[in-house]
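Here is a short tour to read alongside the sequence and the 3D view. Let's start with the ligands and then walk out into the fold.

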Amino acid sequence: MLERLFPTLSRFRLAVQLLMLVVTVYGSVFVGSYMADKISNALPALSCAYDQMNGGYCVLIPTQHILHHRIGEAMVRAQQLTLTMVLPLLMSFAVFFAFFFVLGKAFCGWICPLGTLQEVLGRVGRRFGFGLRRLSADDLGRTERVRPVKWLILLGLVFLLPLLTGLGVTPHALGNPYCDVCPARIATTLLTGSTEQFAVPIDDNVKFVLGATANFLFGFIVLAALTVRQPFCRICPLLAFNSLAQRLSPMRLVKTRHDNCGKCSICTDACPMDIPEISREEGRKAYSEDCTLCGRCAEYCPQDGTIQLKWGPFSLFSSSRAYYKARVAGELPDGTVKPIKFVRAAGKAAGTDA
Ligand code: SF4
Ligand code: SF4
Ligand code: SF4
(Lines give C-alpha, C1' and ligand atoms only; values in the text may rest on other atoms or scores of the structure.)
(Ligands and ions follow the chains in the order given, each with its own letter.)
Protein backbone atom coordinates (compact mmCIF):
# COMPACT_ATOMS: atom_id res chain seq x y z
CA MET A 1 0.00 0.00 0.00
CA LEU A 2 2.73 2.43 1.08
CA GLU A 3 4.85 1.35 -1.88
CA ARG A 4 2.01 2.10 -4.29
CA LEU A 5 1.52 5.57 -2.84
CA PHE A 6 5.25 6.29 -2.70
CA PRO A 7 7.01 4.18 -5.32
CA THR A 8 10.28 6.10 -4.88
CA LEU A 9 12.17 7.64 -1.99
CA SER A 10 11.89 11.03 -3.73
CA ARG A 11 8.09 10.77 -3.91
CA PHE A 12 7.96 9.88 -0.20
CA ARG A 13 10.31 12.79 0.61
CA LEU A 14 8.17 15.20 -1.42
CA ALA A 15 5.08 14.10 0.54
CA VAL A 16 6.94 14.70 3.83
CA GLN A 17 8.20 18.08 2.57
CA LEU A 18 4.71 19.23 1.54
CA LEU A 19 3.24 18.08 4.84
CA MET A 20 5.97 19.93 6.74
CA LEU A 21 5.47 23.01 4.56
CA VAL A 22 1.84 23.09 5.71
CA VAL A 23 2.83 22.46 9.34
CA THR A 24 5.60 25.07 9.41
CA VAL A 25 3.68 27.76 7.50
CA TYR A 26 0.07 27.24 8.62
CA GLY A 27 0.58 25.24 11.84
CA SER A 28 -1.34 27.48 14.22
CA VAL A 29 -4.48 27.33 12.06
CA PHE A 30 -4.73 23.63 12.87
CA VAL A 31 -3.49 23.48 16.42
CA GLY A 32 -4.27 26.98 17.73
CA SER A 33 -1.74 29.65 18.61
CA TYR A 34 -1.14 28.30 22.15
CA MET A 35 -0.18 24.87 20.87
CA ALA A 36 1.78 26.39 17.97
CA ASP A 37 3.81 28.28 20.52
CA LYS A 38 4.52 25.02 22.36
CA ILE A 39 5.40 23.25 19.11
CA SER A 40 7.68 26.14 18.29
CA ASN A 41 9.78 25.32 21.30
CA ALA A 42 10.31 21.79 20.05
CA LEU A 43 10.55 22.41 16.33
CA PRO A 44 13.21 24.86 15.39
CA ALA A 45 12.66 25.43 11.73
CA LEU A 46 13.50 27.97 9.12
CA SER A 47 9.86 28.76 9.04
CA CYS A 48 9.44 32.29 9.93
CA ALA A 49 8.58 33.84 13.29
CA TYR A 50 7.04 36.74 11.29
CA ASP A 51 4.46 34.32 9.90
CA GLN A 52 1.42 34.63 12.18
CA MET A 53 0.10 31.18 11.26
CA ASN A 54 3.25 29.16 11.63
CA GLY A 55 3.83 26.05 13.66
CA GLY A 56 7.56 26.27 13.40
CA TYR A 57 10.30 28.34 14.79
CA CYS A 58 13.60 29.49 13.43
CA VAL A 59 16.56 29.17 15.74
CA LEU A 60 18.21 32.14 14.06
CA ILE A 61 15.77 34.68 15.52
CA PRO A 62 16.30 34.01 19.24
CA THR A 63 20.03 33.89 18.61
CA GLN A 64 19.99 37.43 17.21
CA HIS A 65 17.39 38.72 19.69
CA ILE A 66 19.08 37.38 22.76
CA LEU A 67 22.48 38.72 21.73
CA HIS A 68 20.97 42.03 20.68
CA HIS A 69 18.39 42.83 23.38
CA ARG A 70 19.54 40.92 26.37
CA ILE A 71 23.26 41.54 26.52
CA GLY A 72 23.07 45.24 27.29
CA GLU A 73 20.51 44.65 30.00
CA ALA A 74 22.51 41.75 31.37
CA MET A 75 25.71 43.76 31.53
CA VAL A 76 24.17 46.39 33.79
CA ARG A 77 22.69 43.66 35.94
CA ALA A 78 25.66 41.35 36.08
CA GLN A 79 24.05 39.11 38.66
CA GLN A 80 21.27 38.34 36.20
CA LEU A 81 23.61 37.50 33.33
CA THR A 82 23.11 33.78 33.63
CA LEU A 83 19.34 34.01 33.84
CA THR A 84 18.73 36.62 31.15
CA MET A 85 21.25 35.71 28.49
CA VAL A 86 23.21 32.51 28.95
CA LEU A 87 20.34 30.25 29.95
CA PRO A 88 17.87 31.31 27.21
CA LEU A 89 20.63 31.02 24.63
CA LEU A 90 21.66 27.61 25.94
CA MET A 91 18.00 26.53 25.97
CA SER A 92 17.61 27.56 22.32
CA PHE A 93 20.77 25.73 21.39
CA ALA A 94 19.86 22.66 23.47
CA VAL A 95 16.44 22.30 21.80
CA PHE A 96 18.03 22.96 18.43
CA PHE A 97 20.75 20.38 18.88
CA ALA A 98 18.36 17.80 20.37
CA PHE A 99 16.23 18.18 17.26
CA PHE A 100 19.20 17.92 14.97
CA PHE A 101 20.60 15.00 16.92
CA VAL A 102 17.58 12.94 15.96
CA LEU A 103 17.10 14.18 12.41
CA GLY A 104 20.57 15.39 11.54
CA LYS A 105 20.69 17.38 8.35
CA ALA A 106 17.54 15.65 7.14
CA PHE A 107 15.87 18.83 8.42
CA CYS A 108 17.10 20.54 5.27
CA GLY A 109 16.25 17.78 2.84
CA TRP A 110 12.89 16.82 4.34
CA ILE A 111 11.38 19.65 6.40
CA CYS A 112 12.59 23.19 5.68
CA PRO A 113 9.85 25.13 3.84
CA LEU A 114 12.34 27.26 1.92
CA GLY A 115 14.18 24.14 0.77
CA THR A 116 10.86 22.65 -0.41
CA LEU A 117 9.91 25.83 -2.28
CA GLN A 118 13.23 25.89 -4.11
CA GLU A 119 12.82 22.24 -5.08
CA VAL A 120 9.30 22.83 -6.35
CA LEU A 121 10.53 25.79 -8.42
CA GLY A 122 13.32 23.59 -9.78
CA ARG A 123 10.77 20.98 -10.85
CA VAL A 124 8.74 23.70 -12.56
CA GLY A 125 11.93 24.85 -14.34
CA ARG A 126 12.68 21.32 -15.57
CA ARG A 127 9.06 20.89 -16.71
CA PHE A 128 9.17 24.09 -18.72
CA GLY A 129 12.53 23.26 -20.27
CA PHE A 130 14.76 25.79 -18.46
CA GLY A 131 18.26 24.41 -18.82
CA LEU A 132 19.88 23.17 -15.62
CA ARG A 133 22.98 25.12 -14.61
CA ARG A 134 25.34 23.11 -12.44
CA LEU A 135 28.07 24.23 -10.15
CA SER A 136 29.64 20.78 -10.31
CA ALA A 137 31.09 18.53 -13.01
CA ASP A 138 33.59 20.76 -14.86
CA ASP A 139 33.14 23.46 -12.29
CA LEU A 140 34.00 21.75 -9.04
CA GLY A 141 35.98 24.71 -7.75
CA ARG A 142 32.90 26.92 -7.79
CA THR A 143 30.95 24.70 -5.41
CA GLU A 144 33.84 24.79 -3.00
CA ARG A 145 34.38 28.55 -3.34
CA VAL A 146 30.75 29.27 -2.39
CA ARG A 147 30.93 27.22 0.81
CA PRO A 148 32.54 29.79 3.14
CA VAL A 149 29.72 32.29 2.38
CA LYS A 150 27.24 30.48 4.64
CA TRP A 151 29.75 30.54 7.52
CA LEU A 152 30.38 34.26 6.98
CA ILE A 153 26.63 34.97 7.06
CA LEU A 154 26.20 32.86 10.20
CA LEU A 155 29.08 34.51 12.04
CA GLY A 156 28.52 38.05 10.76
CA LEU A 157 24.75 38.42 10.59
CA VAL A 158 23.55 35.95 13.21
CA PHE A 159 26.22 36.33 15.90
CA LEU A 160 28.55 39.29 15.47
CA LEU A 161 26.32 42.21 14.46
CA PRO A 162 23.55 41.45 17.02
CA LEU A 163 26.26 41.13 19.69
CA LEU A 164 27.93 44.41 18.69
CA THR A 165 24.51 46.09 18.63
CA GLY A 166 23.74 44.72 22.08
CA LEU A 167 27.03 46.18 23.29
CA GLY A 168 26.12 49.54 21.75
CA VAL A 169 28.91 49.45 19.13
CA THR A 170 26.69 49.29 16.03
CA PRO A 171 23.32 51.05 15.50
CA HIS A 172 20.07 49.61 16.80
CA ALA A 173 18.92 48.95 13.21
CA LEU A 174 21.59 46.24 12.95
CA GLY A 175 20.22 44.24 15.89
CA ASN A 176 18.31 41.70 13.82
CA PRO A 177 20.26 41.72 10.54
CA TYR A 178 19.80 38.16 9.34
CA CYS A 179 16.01 38.23 9.77
CA ASP A 180 15.97 41.57 7.97
CA VAL A 181 17.53 40.04 4.84
CA CYS A 182 16.08 36.52 5.17
CA PRO A 183 14.16 35.37 2.06
CA ALA A 184 12.28 32.74 4.13
CA ARG A 185 10.56 35.61 5.99
CA ILE A 186 9.08 36.86 2.72
CA ALA A 187 8.42 33.41 1.22
CA THR A 188 6.58 31.89 4.17
CA THR A 189 4.48 34.98 4.92
CA LEU A 190 3.62 35.27 1.23
CA LEU A 191 2.26 31.72 1.39
CA THR A 192 -0.17 32.88 4.07
CA GLY A 193 -1.40 35.64 1.76
CA SER A 194 0.45 38.45 3.51
CA THR A 195 2.57 40.83 1.44
CA GLU A 196 3.53 43.08 4.34
CA GLN A 197 7.04 41.62 4.58
CA PHE A 198 7.80 43.13 1.17
CA ALA A 199 7.51 46.59 2.72
CA VAL A 200 10.87 48.38 2.93
CA PRO A 201 11.27 50.83 5.85
CA ILE A 202 12.15 54.29 4.53
CA ASP A 203 12.70 56.08 7.84
CA ASP A 204 16.11 54.49 8.45
CA ASN A 205 18.90 54.09 5.90
CA VAL A 206 20.26 50.86 7.37
CA LYS A 207 16.79 49.28 7.57
CA PHE A 208 16.11 50.45 4.03
CA VAL A 209 19.24 48.75 2.68
CA LEU A 210 18.46 45.54 4.61
CA GLY A 211 14.82 45.48 3.45
CA ALA A 212 15.79 46.15 -0.17
CA THR A 213 18.42 43.38 0.06
CA ALA A 214 15.77 40.94 1.32
CA ASN A 215 13.45 41.75 -1.58
CA PHE A 216 16.28 41.45 -4.10
CA LEU A 217 17.42 38.15 -2.56
CA PHE A 218 13.89 36.75 -2.64
CA GLY A 219 13.38 37.73 -6.30
CA PHE A 220 16.79 36.39 -7.24
CA ILE A 221 16.16 33.05 -5.52
CA VAL A 222 12.77 32.57 -7.19
CA LEU A 223 14.30 33.13 -10.63
CA ALA A 224 17.56 31.29 -9.95
CA ALA A 225 15.76 28.22 -8.54
CA LEU A 226 14.21 27.63 -11.96
CA THR A 227 17.61 26.81 -13.37
CA VAL A 228 20.06 26.25 -10.45
CA ARG A 229 19.16 23.67 -7.83
CA GLN A 230 18.72 24.97 -4.26
CA PRO A 231 20.41 28.37 -4.89
CA PHE A 232 19.80 29.77 -1.41
CA CYS A 233 20.69 26.56 0.47
CA ARG A 234 24.29 26.97 -0.65
CA ILE A 235 24.67 30.17 1.40
CA CYS A 236 22.08 29.44 4.10
CA PRO A 237 23.40 30.08 7.63
CA LEU A 238 21.13 27.33 8.96
CA LEU A 239 23.01 24.82 6.80
CA ALA A 240 26.20 26.01 8.48
CA PHE A 241 24.48 25.81 11.88
CA ASN A 242 23.36 22.25 11.06
CA SER A 243 26.86 21.23 10.09
CA LEU A 244 27.96 21.89 13.65
CA ALA A 245 25.84 18.93 14.80
CA GLN A 246 26.43 16.85 11.68
CA ARG A 247 28.97 14.45 13.17
CA LEU A 248 27.01 14.01 16.40
CA SER A 249 23.76 12.84 14.83
CA PRO A 250 23.07 9.15 14.25
CA MET A 251 21.27 10.22 11.05
CA ARG A 252 23.90 10.26 8.32
CA LEU A 253 25.02 9.42 4.83
CA VAL A 254 27.39 6.46 4.51
CA LYS A 255 29.39 5.80 1.39
CA THR A 256 31.78 2.98 0.61
CA ARG A 257 34.01 3.16 -2.43
CA HIS A 258 33.15 1.30 -5.60
CA ASP A 259 35.44 0.72 -8.59
CA ASN A 260 33.17 2.88 -10.75
CA CYS A 261 33.40 5.87 -8.39
CA GLY A 262 35.09 8.73 -10.12
CA LYS A 263 34.01 7.33 -13.47
CA CYS A 264 30.24 7.39 -13.43
CA SER A 265 29.59 10.35 -11.01
CA ILE A 266 25.84 9.85 -11.37
CA CYS A 267 25.44 10.57 -7.66
CA THR A 268 26.90 14.07 -8.08
CA ASP A 269 24.66 14.64 -11.10
CA ALA A 270 21.65 13.70 -8.97
CA CYS A 271 22.74 15.79 -5.98
CA PRO A 272 20.69 18.99 -5.63
CA MET A 273 23.67 20.63 -3.89
CA ASP A 274 26.12 19.60 -6.66
CA ILE A 275 28.39 17.99 -4.08
CA PRO A 276 31.49 16.61 -5.82
CA GLU A 277 32.75 14.62 -2.80
CA ILE A 278 29.91 12.11 -2.96
CA SER A 279 31.36 10.60 -6.13
CA ARG A 280 35.04 11.33 -5.44
CA GLU A 281 35.41 10.37 -1.79
CA GLU A 282 34.36 7.66 0.64
CA GLY A 283 33.60 7.41 4.37
CA ARG A 284 33.41 10.67 6.36
CA LYS A 285 34.80 12.79 3.52
CA ALA A 286 31.91 11.83 1.25
CA TYR A 287 29.38 13.23 3.76
CA SER A 288 29.92 16.89 2.98
CA GLU A 289 29.03 19.90 5.16
CA ASP A 290 26.63 20.89 2.35
CA CYS A 291 24.72 17.58 2.34
CA THR A 292 21.01 17.91 3.13
CA LEU A 293 20.44 14.14 3.46
CA CYS A 294 17.89 14.20 0.67
CA GLY A 295 18.96 10.71 -0.44
CA ARG A 296 18.96 11.36 -4.19
CA CYS A 297 22.57 10.15 -4.51
CA ALA A 298 21.55 6.81 -2.94
CA GLU A 299 18.55 6.58 -5.26
CA TYR A 300 20.68 7.10 -8.36
CA CYS A 301 23.84 5.18 -7.49
CA PRO A 302 23.59 2.01 -9.58
CA GLN A 303 25.78 -0.07 -7.24
CA ASP A 304 24.31 -2.27 -4.51
CA GLY A 305 24.91 -0.85 -1.03
CA THR A 306 27.47 1.79 -2.07
CA ILE A 307 25.51 4.74 -0.64
CA GLN A 308 23.20 4.42 2.36
CA LEU A 309 21.06 6.68 4.50
CA LYS A 310 21.52 5.37 8.05
CA TRP A 311 20.18 6.13 11.50
CA GLY A 312 22.64 4.65 13.96
CA PRO A 313 23.09 0.99 12.98
CA PHE A 314 19.86 0.95 10.93
CA SER A 315 19.98 1.30 7.17
CA LEU A 316 16.99 3.41 6.09
CA PHE A 317 17.73 3.33 2.39
CA SER A 318 20.48 1.70 0.38
CA SER A 319 21.49 2.13 -3.25
CA SER A 320 20.75 -0.81 -5.52
CA ARG A 321 21.00 -1.61 -9.19
CA ALA A 322 17.33 -2.69 -9.38
CA TYR A 323 16.07 0.52 -7.77
CA TYR A 324 18.33 2.65 -9.98
CA LYS A 325 17.00 1.04 -13.17
CA ALA A 326 13.40 1.68 -12.15
CA ARG A 327 14.24 5.21 -11.03
CA VAL A 328 15.93 6.42 -14.21
CA ALA A 329 13.07 5.01 -16.24
CA GLY A 330 10.91 7.73 -14.69
CA GLU A 331 13.28 10.63 -14.06
CA LEU A 332 16.85 11.56 -14.94
CA PRO A 333 19.31 12.33 -12.14
CA ASP A 334 18.99 16.08 -12.80
CA GLY A 335 15.20 15.89 -12.42
CA THR A 336 14.36 15.90 -16.12
CA VAL A 337 11.60 13.50 -17.08
CA LYS A 338 13.13 12.23 -20.33
CA PRO A 339 14.74 8.93 -19.60
CA ILE A 340 15.49 7.18 -22.86
CA LYS A 341 18.87 8.60 -23.88
CA PHE A 342 20.16 8.62 -20.34
CA VAL A 343 19.27 5.02 -19.58
CA ARG A 344 21.52 3.89 -22.41
CA ALA A 345 24.42 6.13 -21.41
CA ALA A 346 24.15 5.36 -17.71
CA GLY A 347 23.68 1.66 -18.42
CA LYS A 348 27.05 1.63 -20.15
CA ALA A 349 28.82 3.40 -17.30
CA ALA A 350 27.15 1.27 -14.65
CA GLY A 351 27.46 -2.00 -16.52
CA THR A 352 31.24 -2.04 -16.71
CA ASP A 353 31.53 -4.17 -13.60
CA ALA A 354 28.20 -6.00 -13.79
S1 SF4 B 1 19.99 25.02 3.68
FE2 SF4 B 1 18.68 26.55 4.66
S3 SF4 B 1 17.08 27.02 3.14
FE4 SF4 B 1 18.10 25.15 2.48
S5 SF4 B 1 16.88 23.52 3.31
FE6 SF4 B 1 18.49 23.92 4.84
S7 SF4 B 1 17.63 25.41 6.26
FE8 SF4 B 1 16.34 25.39 4.44
S1 SF4 C 1 26.93 6.77 -8.51
FE2 SF4 C 1 27.72 5.23 -7.11
S3 SF4 C 1 29.28 4.20 -8.30
FE4 SF4 C 1 28.89 6.15 -9.34
S5 SF4 C 1 30.39 7.58 -8.49
FE6 SF4 C 1 28.52 7.74 -7.28
S7 SF4 C 1 28.82 6.36 -5.56
FE8 SF4 C 1 30.31 5.81 -7.11
S1 SF4 D 1 25.17 14.12 -1.10
FE2 SF4 D 1 23.35 12.85 -1.46
S3 SF4 D 1 22.07 13.08 0.34
FE4 SF4 D 1 23.60 14.75 0.36
S5 SF4 D 1 22.57 16.47 -0.66
FE6 SF4 D 1 23.71 15.37 -2.24
S7 SF4 D 1 22.21 13.89 -3.07
FE8 SF4 D 1 21.37 14.62 -1.16
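## Around ligand 1

In this predicted model, ligand 1 has 11 residues around it, and those that come nearest are Cys108, Cys112, Gly115, Cys233 and Cys236. Two elements give two or more residues each to this shell: helix H6 (113–127) and helix H11 (237–245).

What classes of residue make up the shell around ligand 1? Nine are nonpolar and two are polar, with no charged residues.

## Around ligand 2

The shell of ligand 2 includes four cysteines that you can pick out in the viewer: Cys261, Cys264, Cys267 and Cys301. Alongside them are His258, Asn260, Ser265, Ile266, Ser279, Gln303, Thr306 and Ile307.

By class, this shell holds six nonpolar and six polar residues, and no charged ones. One of its members, Ile307, also turns up in the strands: Ile307 of E2 is the bridge partner of Lys255.

## Around ligand 3

Ligand 3 is surrounded by 14 residues, and the closest are Cys271, Cys291, Cys294, Arg296 and Cys297. The shell around ligand 3 divides into 11 nonpolar residues, two polar and one charged.

## The strands

Strand E1 (residues 251–255) and strand E2 (residues 307–311) run antiparallel and are joined by five bridges. E2 also runs antiparallel to strand E3 (residues 314–318), this time with four bridges. Between E2 and E3, Lys310 stands opposite Ser315.

E2 and E3 form a hairpin with two residues between the strands, and there Gly312 takes a positive phi near 60°. As background for reading these strands, side chains in a regular strand alternate between the two faces of the sheet.

## An enclosed helix

Why is helix H9 (residues 183–191) described as largely enclosed by the rest of the structure? The reason is that eight of its nine residues are buried. The buried residues of H9 are Pro183, Ala184, Arg185, Ile186, Ala187, Thr188, Thr189 and Leu191. Just after H9, Gly193 takes a positive phi of about 90°.

## The chain as a whole

Stepping back, the protein chain has 16 helices and three strands. Of its 354 residues, 46% count as buried.

How do the contacts spread along the sequence? Among those between residues at least 6 apart in sequence, 66% join residues at least 24 apart.

How values were computed:
Residues numbered from 1 in each chain as written. Chains lettered and ligands numbered in written order. Predicted model: local features only at pLDDT ≥ 70, side-chain atom pairs only at ≥ 80, totals over all residues. Buried ≥ 20, exposed ≤ 12 C-beta atoms within 10 Å, placed from the backbone. Contact = placed C-beta atoms within 7 Å. Near = placed C-beta within 6 Å. Nonpolar A, V, L, I, M, F, W, Y, C, P; charged D, E, K, R; others polar. Pairing = 2+ DSSP bridges.
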